[in-house]
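Trainee: Got a minute to go through this one with me?
Mentor: Yes, put it up.
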Amino acid sequence: MQTPTYLASALRLPTNGLDYAILGIYFAVVLGIGFAARRSVKTSLDFFLSGRSLPAWITGLAFISANLAATEILGMAANSAQYGAYTVHWYWIGAIPAMVFLGLVMMPFYYGSKVRSVPEFLLLRFDKSAHLLSSILFAFAAILVAGVNLYALALVVEALLGWPQWVAIVVAGFFVLAYITIGGLSSAIYNEVLQFFVILAALIPITVLSLKKVGGWDGLTDSLAKSHGDDFVTAWGGTGIGSANPLGANWLTIVLGLGFVLSFGYWTTNFAEVQRALSAKNLSAAKRTPLIAAFPKIFIVFLVMIPGLAAAVLVPKIGTSASDLQYNDAIPYLMQELLPNGVLGIAVTGLLAAFMAGMAANISSFNTVFTTDIWAKYVAKDREDSYYVRFGRLITAIGVLASMGTAFLASSFSNIMSYLQTLFSFFNVPMFVVFIIGMFWKRASMKSGFWGLLAGTTAAMVNYFVIYKQGIIDIPTDQGANFVSAIAGFVAGAVVMVAVSLFTEPKPVAELQGLVYGTRSPGMAEPPSAGDDAWYRKPALLGWGAVVLAAACYIPFSF
Amino acid sequence: MSEYSEHEVQREVTELETRSATAARLFDIRRVIGGLFALYGVIMTIAGLMASDAAIDKAVGVNINLWTGLGMLLLGLFFLVWLKLRPTTPPTADADTPADDEKPTR
């Protein structure tokens, strides 16, 4: 498979001064937010966690925006062009239940224990070895994922605007570096909220026009059913165990691998996401952060799936050697074909915004973990607070430079989404198993955290690199392999944790208050603040509402 | 072995929370979203009103600049009106004293 870089000239957009003006205004505003947020950074808590003081609608939109990155826009459109309507699984079963679980069940422990990061929770629940290992794994993964976003950005900018890749990488890296270094997490979160709306303004016109182009929803599904078979436009068709389907996964691996293990691992323990909720101003706002994010998440699938499916109709040979276009090119191709100058500028801005949001989320969580979890606890302890703010700014710059390096690693995968899910199965899933067992089983011992994490990570990597890549077990697609890796990592981590716990000392009950289900920490007792008892702010209602809505969305795609 | 205890983390974070300046000094993002989208909305609406036939043909017969512009303008106005109706609640008086404005510059 050739790398998508060869497409440069084929997709070049007819941009003009209007488009560049729109883009220029946006970049000026991005920097402006950074400078304006600067005066709010006084302590390390301001820099890394916005002083735990943001309202829920802001953290909620930042939560969804941190996820609405390269993964969503290009990756999910690519997924739809390649696998069809199965893409809905990544949203309705692969996101909503986990987001609701994070908000309703886990957030009291995260927010109530006052930890500043996900690894810090493991430090309290388990011991230093689990903490250090998880901090290092997370820091490493964050740089890799930031690199994916940077690479995707460079690819798109090169193809669409004709800038050389290195120019795009340096320019985008510089902007992210500048606004996070200056304004800290507040700047990152504010930019994410803005990005959310710009991304919508970019995707909605593309979706509407591409749907009109292929003759509406009926025209779209009719053409696809003819060319790709009926299963291509259903959610569950052909997913019986043993039957073949484009995804290479059956309903069991979808539900367990994607819906449970991968999705819970990503949404509930990936600090790039959880950090947004930890910056909320009180427990109620923290709980509502992922719940508010769940509602746009349910519907965003249409804005990426419809363009992807339309691209599969308009370019029937997309992704095969008979066409110049890769799956990842679905959205850029539609922009070129359908958008006049003006909206084109908005769309380019939206794409760049999405990539920068994804990169910034990872960089801003990386600098927090590296500073508060690695540097402040093991290297330079007990310095005054302003030292850690300065160090955080320095490590932000180093993180951005490192992710420029990892951008090139991402170039060996033709479906960016597959690459990301591979990384998540290595890094998030083992973290999730350690969390879930540690949070719900008091007996899980101090030592079991470290060994569970190590075993889970190793098992997922062995499954991917040895069992799948060497062809020991035949799994048809990368995505199918990711689901299996995730399940393998989960099971191995769980078995090792239970085994180690049975032979080692449990943590004293007094030290588990507020960390294990069924206990309460002093911080959780705080009364709800004024206005939080309004019915539309009730976490349980928001959470269950999202679950019911997501389940209802499946109905038209199931028959 | 001196393990980090939960109390230590909570004490540290609680102490930092009392000195935090975000709540008192961070500007309101609604102003930025409202301003940017109103500006984009005006630019796009004008572009839509002056749209050439070629641009409309390209967009499958839809004057997409006009519609996108109007949509963005509405969203921008929504944020500005919301800000007007529900301004940020002023922070508690003791949270911010101008005297300690010696923020380290990098």
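Mentor: α1(A) passes α9(A) in a right-handed crossing, meaning that the near helix is turned clockwise from the far one by less than a right angle. This is a predicted model, where local features need pLDDT of at least 70, side-chain atom pairs count only at pLDDT 80 or more, and totals for chains, interfaces and linings use all residues. Residues are numbered from 1 along each chain as its sequence is written, with chains lettered from A and ligands numbered from 1 in the order in which they are written.
Trainee: At what angle do the axes of α1 and α9 of chain A cross?
Mentor: Roughly 125 degrees, and the axes come within 7 Å. α1(A) and α9(A) are therefore oblique to each other (not under 35, over 145 or 65 to 115 degrees).
Trainee: And by class, what residues does that contact of α1(A) with α9(A) have?
Mentor: 13 nonpolar, six polar and no charged. Ala, Val, Leu, Ile, Met, Phe, Trp, Tyr, Cys and Pro count as nonpolar, Asp, Glu, Lys and Arg as charged, and the others, Gly among them, as polar.
Trainee: Switching topic, how many residues does each chain put into the contact of chain A and chain B?
Mentor: Chain B puts in 42 residues and chain A 54, with contact meaning C-beta atoms, placed from the backbone, within 7 Å.
Trainee: Which helix gives the most on the chain B side?
Mentor: α3(B), with 10 residues. By class, the side of chain B that touches chain A has 27 nonpolar, seven polar and eight charged residues.

Conventions
Contact = placed C-beta atoms within 7 Å. Helix = DSSP H or I, 4+ residues; strand = E, 2+ residues; numbered from the N terminus. Axes fitted to C-alpha atoms, helices over the stretch in contact; angles between N-to-C directions.
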